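Here is a friendly walk through the nonpolar cores and salt bridges of one protein chain. Have the structure open while you read.

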Amino acid sequence: MVAFEPQTWRPAAAPALDGALRANSRLAQARLVPVGAEGPEDVVVDAEGVAFTGTADGRLLAIDRQGHITTVARPGGRPLGLEWYGDDLVLCNTALGLQLVSRSGKVKTLADAFEGTRFRFTNNASVATDGTIYFSDTSQRWGIEQYVSDLLEGQDTGRVFARAPSGGLTKVTDGLQFANGVALDATEASLFVAETGRYRVHRVYLKGERAGQTEVFAENLPGFPDNLTFGGGILWVSLASPRQNIVDLMHPRPWLRHVSHRLPEALKPKPLRHGIVLGYDAASGDLVHNLQDTSGRVAITTSARYHEGHLYIGSLSEPHLAVYPLD
């Protein structure tokens with residue numbers, strides 16, 4: 001059993017949901033698409049408009065435009081991030097690692113350990129045109145069942161890896177508190193990485209004069225950043241929940257986090273039912289889309305995928321996808 005060892009951190013005051021971040025209910029206009037299970041955490045869409053998503057019961061599903069649901073594969077575990085790999089799908093499957101799933105349902109493990117130690121929390125991925133797969137390993141201490149413990153503990157054991165087409169693994173960056181979404185920019189010169197526990201998004205340069213350097217792209221976000229995607233010229237940042245004053249209060253007070261950790265699960269902090277998806281211009285860093293749902297109809301927003309003028313929005317716990325028409 002992992003000993004709970006909280007690290008002291010003092011976050012900046014959370015930005016108000018005002019101005020460019022003004023609270024709104026635009027996402028409440030989204031069409032809800034039932035998936036027949038809980039937790040379609042991420043989603044990809046093919047050229048025919050078929051949406052693919054993994055659910056909490058360990059299945060990979062396909063949902064066509066008419067809402068018909070087909071089980072593509074049963075990889076087990078807890079499927080999270082999805083990306084295309086040619087006609088196949090790359091799947092981040094928490095403790096089972098990085099998997100390749102064919103449309104016929106065959107499942108192959110691509111990576112489940114680094115330097116002899118198995119992954120606990122494989123989370124999100126992005127695939128380069130040469131077949132390199134960038135993916136996050138959220139924590140070396142806690143799995144998805146204890147994700148609240150990892151956020152409360154605050155240890156920076158999250159990492160991002162690159163898997164070469166030959167199968168070799170290279171560590172791209174580490175020292176992250178709850179490494180989460182990853183997304184290559186349009187030129188594949190840099191990789192954006194969400195650090196959920198520190199409310200920020202990093203940019204890791206992969207090519208050019210700044211190769212190997214990292215900078216903070218967006219910091220002191222108003223919520224917990226989850227999956228990242230590029231689409232329609234925009235970096236889409238999904239916030240699973242707005243920030244909570246009680247959590248920020250606990251960060252510089254380890255004793256409070258010890259108390260919270262010992263509480264029953266029902267009494268620990270939980271995501272708020274307030275969906276948020278932000279869209280950034282990657283070149284300027286400007287916020288150009290502020291999509292929220294204060295009503296809670298679209299909530300626990302863990303991913304946003306652009307396809308043909310729409311955002312397909314996933315959730316860690318809801319029983320549906322949300323499809324939002326962009327202006």
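Two residues are in contact when heavy atoms lie within 4.5 Å of each other. Keep in mind that this is a predicted model.

**Nonpolar cores**

Let's start with Val201. Apart from neighbours within four places in sequence, Val201 is in contact with nine residues, listed here in full: Phe192, Val193, Ala194, Val216, Phe217, Ala218, Leu221, Leu228 and Val237. Val201 belongs to the largest nonpolar core, which has 26 residues; Val201, Leu221, Leu228, Leu235 and Tyr280 touch the most other members. Among the elements that each supply at least two residues of this core are helix H1 (147-153), strand S20 (223-231), strand S21 (234-242) and helix H2 (245-250). There is also a second, separate core of 13 residues, including Leu291, Ile313, Ala322 and Tyr324.

**Salt bridges**

How many salt bridges are there? The count comes to 16, and three of the pairs are shown here:

| Pair | N to O distance |
|---|---|
| Asp46 and Arg103 | 3.3 Å |
| Arg65 and Glu308 | 3.7 Å |
| Asp248 and Arg243 | 2.9 Å |

Asp46 and Arg103 link distant parts of the chain, 57 residues apart. Asp46 counts as buried because its relative accessibility is 6%, under the 20% cut-off, whereas Arg103 is partly exposed at 42%.

Arg65 and Glu308 also link distant parts of the chain, 243 residues apart. Here Arg65 is partly exposed at 47%, and Glu308 counts as exposed at 52%.

In the third pair, Asp248 is buried at 12% and Arg243 is buried at 9%.

Finally, Asp42, Glu83 and Arg305 are linked in a network of salt bridges.

Conventions:
Residues numbered from 1 in each chain as written. Predicted model: local features only at pLDDT ≥ 70, side-chain atom pairs only at ≥ 80, totals over all residues. Heavy atoms only, no water. Core = buried A, V, L, I, M, F, W, Y, C linked by side-chain atoms within 4.5 Å. Buried < 20%, exposed > 50% of the residue type's maximum accessible area, 1.4 Å probe, protein only. Helix = DSSP H or I, 4+ residues; strand = E, 2+ residues; numbered from the N terminus. Salt bridge = Lys/Arg side-chain N within 4 Å of Asp/Glu carboxyl O.
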